Amino acid sequence: MPVVSPRSCAALTLKRPVHSFLLSGRQNSNLWQIPHIPNMKHNPHSLTSRPALAALAVSAVGFALAAINPVFAVSPVADEKPGETAADETADETTDKPAAPELKKSEFTADQVFNRVAETLDGVDSLSCDISQTVMLSGQKFQAVGRYVQASGNRMRLEYRLFPIGALSAQDAELLALDSDAPDVSDRKVTGSLEQVSDGSVLWSKWVNGPQKQLTRRNIREIVEAVGDLPNYSAARSLQDLGVGGLQTLMSQLQVGMDFGEVREQPAGETNLLVLAGRWNQKTRQEIFGLQDASAALPDYIPDYVRVYVDAAAGLPRRIQYLKKHPNPEESKVRPVVTLDLRNIKLNETVSDDTFQFDRAADDDIKEQDLTAQVIEGIKKVATPETPAAPEQPPAAQKK
């Protein structure tokens, strides 16, 4: 269930091309996380080629691919005037634009909605859902479709199928309609896959990108024990950073890391959705992105806003969407970049223990990389502030 948090965005502020990194170091804890986003302060493992780029993009790392140019559309975000609305647009400017959806102010605050979701998810023994993710970059569309299951004891399983990159078209606006059906991929060629499995002790990650394959493991228990005594860190934080914190972690970090405006209501078929629109708060901008100036623009590869769509009746997120504002500050327009849809969410259904077992024997042709030591080293570097070097003293004057 990949999406963006402050730390995962910070991990994207790299000096090298996006296709030169993947699957290294400390993992982020959210939903541009649940396919876990590596912290790029550590040595990368290369995955190149267009399929690899698609894989990266679909795991939300795609913002590092730099600026993209689909059409912007006016849309309600946290810093716009109340009452401004419009539909998301991905079609060419010359096409007819869809009518803006009717949104009305909700009686609930953003915190109340987040708390309702937390109450719904708190103490859940298991959660499963179908997921689809659409990333729009450089006039192209990246798609992944899969399933996510989590259960008590830090167990999880994510399976994604990745599809060929395609050019954006006028019909892609329909793809982002809130009442649209799950994408029909029955006849589409699969060009890659992502599988991540945790039995609570070990987290396995397997990427397949055309002819390239990569298999990594991280020993959760060793990591938790090794970083348990670090200042400014905790065992719970290490589990979150490994990406086994689940949907609860994502929602919690969105609530803490962003400022949200008025909640609005939007119908989607027979469902009433509560729409939360937010932007990174100043603490996040300073501590994560290193921006002291409140008016400073974020880099092109980091989203400015998020929209969270919550099913009002079920108290569960239906969509999480990241957006980038227009480069012209006088234009009150945004464009969708990453859209994550969660469908058919089931709570507390019986899940077989076999779901959380990774079949290592089936992949004996892939060389395994154990990243446990790298993760521990990376966490220690992040959690232990560096002591600034003492200023160099001038040499003592020689006596004459």
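Let's start with helix H9, where Thr-372, Val-375, Ile-376, Gly-378, Ile-379 and Ala-383 are buried. Why do they share a side of the helix? They span an arc of only 165° around the axis, so they sit on the same side of H9. There is a handy rule behind that kind of pattern: an α-helix has 3.6 residues a turn, so residues three or four places apart point the same way.

Before I go on, please remember that this is a predicted model.

Now, what lies on the other face of H9? Turned away from the buried side are the exposed residues Ala-373 and Lys-381. And what covers the buried residues? The cover includes strand S8 (212–219), helix H5 (220–227) and strand S15 (368–370). As for its length, H9 runs over residues 372–383, which makes 12 residues, and it reaches 16 Å from first C-alpha to last, close to the 16 Å expected at 1.5 Å a residue.

Let's put helix H7 beside it. H7 covers residues 246–257, also with 12 residues, and reaches 17 Å between its end C-alphas, close to the expected 16 Å. Its buried residues are Gly-246, Leu-247, Thr-249, Leu-250, Met-251, Gln-253, Leu-254 and Gly-257.

Two of those names come back when we turn to the nonpolar cores. The largest core has 59 residues, and the ones touching the most other members are Leu-127, Tyr-160, Met-251, Leu-254, Leu-276, Val-308 and Ile-320. Apart from that core lies another one of six residues, including Trp-204, Leu-215, Phe-358 and Ile-366. If you are new to this, here is the background: in soluble globular proteins, nonpolar side chains tend to be buried together.

How about empty space? There are three cavities of 30 Å³ or more, and the largest holds about 40 Å³. Around that largest cavity we find Ser-132, Thr-134, Gln-143, Leu-175, Ser-180, Asp-181, Pro-183, Asp-341 and Arg-343. Strand S2 (126–137) and strand S14 (334–347) are the elements that each give two or more residues to this lining.

Last, two asparagines with an unusual backbone angle to look up on your screen. Asn-154 has a positive phi of about 60°, although it is not a glycine. You will find Asn-154 in the loop between strand S3 (140–151) and strand S4 (155–162), and it is partly exposed, with a relative accessible area of 29%. Asn-348 also has a positive phi, near 60°. Asn-348 sits in the loop between S14 and S15 and is partly exposed at 48% relative accessible area.

Thanks for listening!

Technical notes
Residues numbered from 1 in each chain as written. Predicted model: local features only at pLDDT ≥ 70, side-chain atom pairs only at ≥ 80, totals over all residues. Heavy atoms only, no water. Core = buried A, V, L, I, M, F, W, Y, C linked by side-chain atoms within 4.5 Å. Buried < 20%, exposed > 50% of the residue type's maximum accessible area, 1.4 Å probe, protein only. Helix = DSSP H or I, 4+ residues; strand = E, 2+ residues; numbered from the N terminus. Expected span 1.5 Å × (residues − 1). Arc of directions from axis to C-beta. Contact = heavy atoms within 4.5 Å. 1 Å grid on protein atoms, 1.4 Å probe; cavity = no way out; pocket = protein on both sides within 12 Å on 5 of 7 lines; lining within 4 Å. Points joined across faces, edges and corners; volume = space filled by probe spheres on them.
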